[in-house]
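Q: Please take a close look at one part of this model, the charged side-chain pairs. Where do they sit, and how do the elements that carry them pack together?

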Amino acid sequence: MLELAILGFLAGGALPGHELRRRVSQLTGYTRPVSDGSLYPAINRLTKAGLLERRADPGAGPARYVLSLTGPGRTELLKRLREPADHEITDFTRFFTVLAFLSHLPEVSEQHAVLRRRLEFLEEPASFFYDGDRPLRAEEVADPYRRGMLLTARAISSAERAWLHAVLDGDEPTESTPFPLDEPAS
């Protein structure tokens, strides 16, 4: 997830390290805070793999640098977006990271293939709680907090499935150009 976010943000253009950190934190920080101890080793791994280029930024002071995506880095980003791992489809936060950069895929059909995988996952019966192998519904759970978990998850899943159907059925326009992520969500 972290490496995908780094590649995704740099696909929009070169960024100073501190700006990249800010953007990654804004995307994922509310659920999974991004520490320097995880971000900078990830940047170093991607740089050593030839996926990023790091240049000194003399105008910004000592130890400041600008990062940019290389050709192989763009290829890797597109590969990760075309073929997200199963856990990137099933985990809500990881999927949102994929979704944040899905518009970088050049073909709408490729974007829709990823969305169809997510929709298939969401349409499978599931729960946080089971009676044997049978998923329990909110109405079957006496504990108010567990029932609250299930009701909240149902509402989120319902809203996401409705949006996915709208996009896949052509009711929601899709653009192949990324939108600015600095804008607050409405």
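A: The answer starts with the overall layout, goes through the charged pairs one by one, and ends with helix packing and contacts between separate parts of the chain.

This is a predicted model, in which local features need pLDDT of at least 70 and side-chain atom pairs count only at pLDDT 80 or more, while totals for chains, interfaces and linings use all residues. Residues are numbered from 1 along each chain as its sequence is written, and side-chain values use heavy atoms, leaving out hydrogens and water.

The protein chain has eight helices and five strands (DSSP runs numbered from the N terminus: H or I of at least four residues for helices, E of at least two for strands). In sequence order the elements of the protein chain run α-β-α-α-β-β-α-α-α-α-β-β-α. The protein chain has 186 residues, and 34% of them count as buried (under 20% relative accessible area, with exposed over 50% and partly exposed in between, for a 1.4 Å probe and protein chains only).

The charged pairs come next. The structure holds 13 salt bridges (a side-chain nitrogen of Lys or Arg within 4 Å of a carboxyl oxygen of Asp or Glu). Side chains of opposite charge can pair when their charged atoms come close.

One pair stays within a single helix. R80 makes a salt bridge with E76, and the closest N and O atoms of the two are 2.8 Å apart. Both R80 and E76 belong to helix 4, which covers residues 71-82. Four residues separate R80 from E76, about one turn of the helix. The two ends fall in separate burial classes: R80 has a relative accessible area of 23% and is therefore partly exposed, whereas E76 counts as buried because its relative accessibility is 19%.

Another pair joins two helices. E160 and R118 form a salt bridge whose closest N and O atoms are 2.7 Å apart. E160 is in helix 8 (residues 144-168) and R118 is in helix 7 (residues 108-122), so this pair ties together parts that are 42 residues apart in sequence. E160 is buried, since its relative accessible area is 9%. R118 is buried too, because its relative accessible area is 2%.

A further salt bridge links R134 to D131, with the closest N and O atoms 3.6 Å apart. R134 counts as partly exposed because its relative accessibility is 37%. D131, with a relative accessible area of 47%, is therefore partly exposed as well.

Some of the salt bridges are connected to one another. E3, R45, E76 and R80 are joined into one network by salt bridges that share partners.

Now the packing. Helix 7, which carries R118 of the pair with E160, also packs against helix 6. The axes of helix 6 and helix 7 come within 12 Å and cross at roughly 165° (axes are lines fitted to C-alpha atoms, for helices over the stretch in contact, and angles run from 0 to 180 degrees between N-to-C directions). Helix 6 and helix 7 are therefore roughly antiparallel (over 145 degrees; under 35 is roughly parallel, 65 to 115 roughly perpendicular and the rest oblique).

Helix 6 has a second partner. Helix 1 (residues 2-10) packs with helix 6 at an angle of about 15°, and the two axes are 10 Å apart. Helix 1 is therefore roughly parallel to helix 6. Helix 6 itself covers residues 92-101 and includes F92. F92 counts as partly exposed because its relative accessibility is 34%.

Three further residues show how separate stretches of the chain stand to one another. L69 has its place in strand 3 (residues 65-69) and, with a relative accessible area of 17%, is buried. L69 and G8 are 61 residues apart in sequence, and their C-alpha atoms are 9.1 Å apart in space.

P16 is in strand 1 (residues 15-16) and counts as partly exposed at 22% relative accessibility. The C-alpha atoms of P16 and R64 are separated by 7.3 Å, although these positions lie 48 residues apart along the chain when counted as sequence separation.

P125 is in the loop between helix 7 and strand 4 (130-131). At 66% relative accessibility, P125 counts as exposed. P125 and R137 are twelve residues apart in sequence, with a C-alpha to C-alpha separation of 9.7 Å.
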